[in-house]
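Subject: Structure for your attention

Dear colleague,

I am writing to hand over the structure we discussed. Please find the sequence and the coordinates below, followed by an account of what was found.

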Amino acid sequence: MATTHPTPHPSTHLIHHPYQPPSGFGAPMPPVHKASTVFFANVAAMRARDWRNKAGYTYGLHGTPTTFTLEARMASVEGARHCLLVPSGLAAIANVSLALLKAGDEVLIPSNAYGPNKALADGELAQWGISHALYDPMNPADLAARITPRTALVWLEVPGSVTMEFADLPALVRVCRAANDGAGVRCALDNTWGAGLAFAPFDLDGAGLAVDVSIHALTKYPSGGGDVLMGSVCTVDDALHERLLLAHMRLGLGVAANDCETILRSLPSMALRYDAHDAAARHLALWLTQHRAVSQVLHPVLAGAPGHAHWQALCTSAQRPQGRAAGLFSVMLHARLSRDQVDAFCDGLQLFKLGYSWGGPISLVVPYELATMRPTWPQSVQPGHLVRFSIGLEDPADLVADLQQALAAAGMP
Ligand SMILES: *Cc1c(COP(=O)(O)O)cnc(C)c1O
């Protein structure tokens, strides 16, 4: 007697329904593939599968069509061959340091680096027998003098976090290449500020001078919304990518498909937004140079700003003589003003919100205690109170009016 398949119970039908949507759906946004589990056609396919090969799928943590799409787009923005996505910009820094450093090694970090990079070195890296030292990024000879055979990684960042000094990045990379009698030392750039738009991290001089790794907080301009955390780790070298990929897998640094979707939605407008933030920030920075309460404006596009010539050399071109810069700058308010006045100014702003991060549509302000952030007060920064602005996409004239009213209300007419 032939066996007949019983009609599936409705609860099974809810899961294993025969309907397949027609193929050929096309629309501006790529579909969002969400998965921890990924199906294999048969056991042989499952056994043959190598999770490192991005021509197929193994498990959600190792990538989906959605993550591979965003990786490929970020690699092209950075001028790289490979990209890994991680859950935040800080996770990108951790992925690189944890993949490339071992007990007994030393990592060199610029003294003006993004603070949590230094905190990771002070914390887990120290705990695991990896030492670190800070170098003066404005003095390539200082970096050269600090490299020893124990140096396994040099972090680079332009401009400096909060104080915005612009280092001579190509010179620092050349120091890394020449180190240890030409054997060289690996260098990784925090390229969040440049975003792959202000300069090309894998071709700094038009003749192929490149960093080894470029990390990027996609939280900033690629997202552009102030609503997603993500990071990327880009490389051109296959073996180096593989080493970073293995650490990425072992550390479980996966990202959520819906977060990728948000960034894929924002990416097409990133270059337009970057230039709009840039233009507005230049307008406000120039206005602030004229204000009596301001003793110094720290924005690399301004003549006289620390490292301005290095910014100009790296970020301007014959085709775009005005160059590119992120919409971020700091001011030093006069030392004669009280901290209460500075706080009152920040509190009095209406359009600018108090908040960390940058790259979103809303302008942000943060007063920083610079003396507690650096081993010594930076030479290029005048005494006073540091306030950092991230310029959003509001009308620049409205932002100027907001600065003006808040300065006046805090007793700084
Ligand atoms: C914001 C930022 C990071 C960290 O990004 P998160 O996504 O907030 O972790 C790293 N480096 C720089 C320069 C940043 O501005």
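The notes that follow treat the two sheets, the helices beside them, and a few points of backbone geometry.

Please bear in mind throughout that this is a predicted model.

The seven-stranded sheet

One open sheet has 7 strands in the order β1-β7-β6-β5-β4-β2-β3, and its pairing is mixed. The edges are formed by β1 (82-86) and β3 (131-135); each of these has a single partner strand, so one side of each is left without a neighbour in the sheet. On average, neighbouring strands of this sheet are turned by 20 degrees against each other, direction ignored.

Within this sheet, β6 and β7 are antiparallel and share 5 bridges. One of the paired positions joins His 216 to Ser 232 in β7. Helix α4 packs on the sheet, where it touches β1, β4, β5, β6 and β7, and its direction makes about 160 degrees with that of β4.

Ser 232 merits a closer look. It belongs to strand β7, which covers residues 231-235. Is Ser 232 buried or exposed? Its relative accessible area is 0%, and Ser 232 is therefore buried. Apart from neighbours within four places in sequence, Ser 232 is in contact with Glu 78, Cys 83, Leu 84, Leu 85, Val 86, Ala 92, Ser 214, Ile 215, His 216 and Leu 218.

Helix α4

Helix α4 comprises residues 89-100, 12 residues in all, and reaches 17 Å from its first C-alpha to its last, close to the 16 Å expected at 1.5 Å a residue. The helix is mostly covered, with 10 of its 12 residues buried. The buried residues of α4 are Gly 89, Ala 91, Ala 92, Ile 93, Ala 94, Asn 95, Val 96, Ser 97, Ala 99 and Leu 100. Ala 92 in this group also appears among the contacts of Ser 232. At the N-terminal end, α4 is capped by Ser 88, a side-chain oxygen of which lies 3.4 Å from the backbone nitrogen of Leu 90.

The five-stranded sheet

A further open sheet has 5 strands, ordered β8-β9-β12-β11-β10, again with mixed pairing. Its edge strands are β8 (294-298) and β10 (353-354), each of which pairs on one side only.

Although β8 stands at an edge, it is mostly covered, with 4 of its 5 residues buried. Strand β8 pairs with β9 in the antiparallel sense over 4 bridges, and Gln 296 stands opposite Met 332 in β9. Strand β9 (residues 328-333) is in turn joined to β12 (residues 385-390) by 6 bridges, and these two strands also run antiparallel. Here Leu 333 faces His 385 in β12. Helix α12 (residues 339-348) lies across β9, β10, β11 (364-368) and β12, and runs at about 10 degrees to β12.

Helices α10 and α13

Helix α10 (residues 270-289) packs against helix α13 (residues 396-409) at an angle of about 35 degrees, and their axes are 10 Å apart. The crossing of α10 and α13 is right-handed. On the α10 side the residues that meet α13 are Ala 280, His 283, Leu 284, Trp 287 and Leu 288; on the α13 side they are Pro 396, Leu 399, Val 400, Leu 403, Gln 404 and Leu 407. An α-helix has 3.6 residues a turn, so residues three or four places apart point the same way.

The 20 residues of α10 should span 28 Å at 1.5 Å a residue, and its end C-alpha atoms are indeed 28 Å apart. The buried residues of α10 include Ala 280, Leu 284 and Leu 288, which are also among those that meet α13.

Backbone geometry

Most residues other than glycine have a negative phi, and most peptide bonds are trans. Three places in the loops deserve mention in this respect.

- The peptide bond from Val 158 to Pro 159 is cis, with omega near -15 degrees; Pro 159 is in the loop between β4 (151-157) and α7 (169-178).
- Asn 180, in the loop between α7 and β5 (187-190), has a positive phi near 50 degrees. At 30% relative accessibility, Asn 180 counts as partly exposed.
- Ala 195 has a positive phi of about 60 degrees and is found in the loop between β5 and β6 (213-217). Ala 195 is buried, with a relative accessible area of 0%.

With kind regards

Key: Residues numbered from 1 in each chain as written. Predicted model: local features only at pLDDT ≥ 70, side-chain atom pairs only at ≥ 80, totals over all residues. Heavy atoms only, no water. Pairing = 2+ DSSP bridges. Contact = heavy atoms within 4.5 Å. Axes fitted to C-alpha atoms, helices over the stretch in contact; angles between N-to-C directions. Buried < 20%, exposed > 50% of the residue type's maximum accessible area, 1.4 Å probe, protein only. Expected span 1.5 Å × (residues − 1). Polar contact = N/O pair within 3.5 Å; in protein donor to acceptor, adjacent residues only side chain to side chain. Left-handed = near helix turned anticlockwise from the far one by under 90°.
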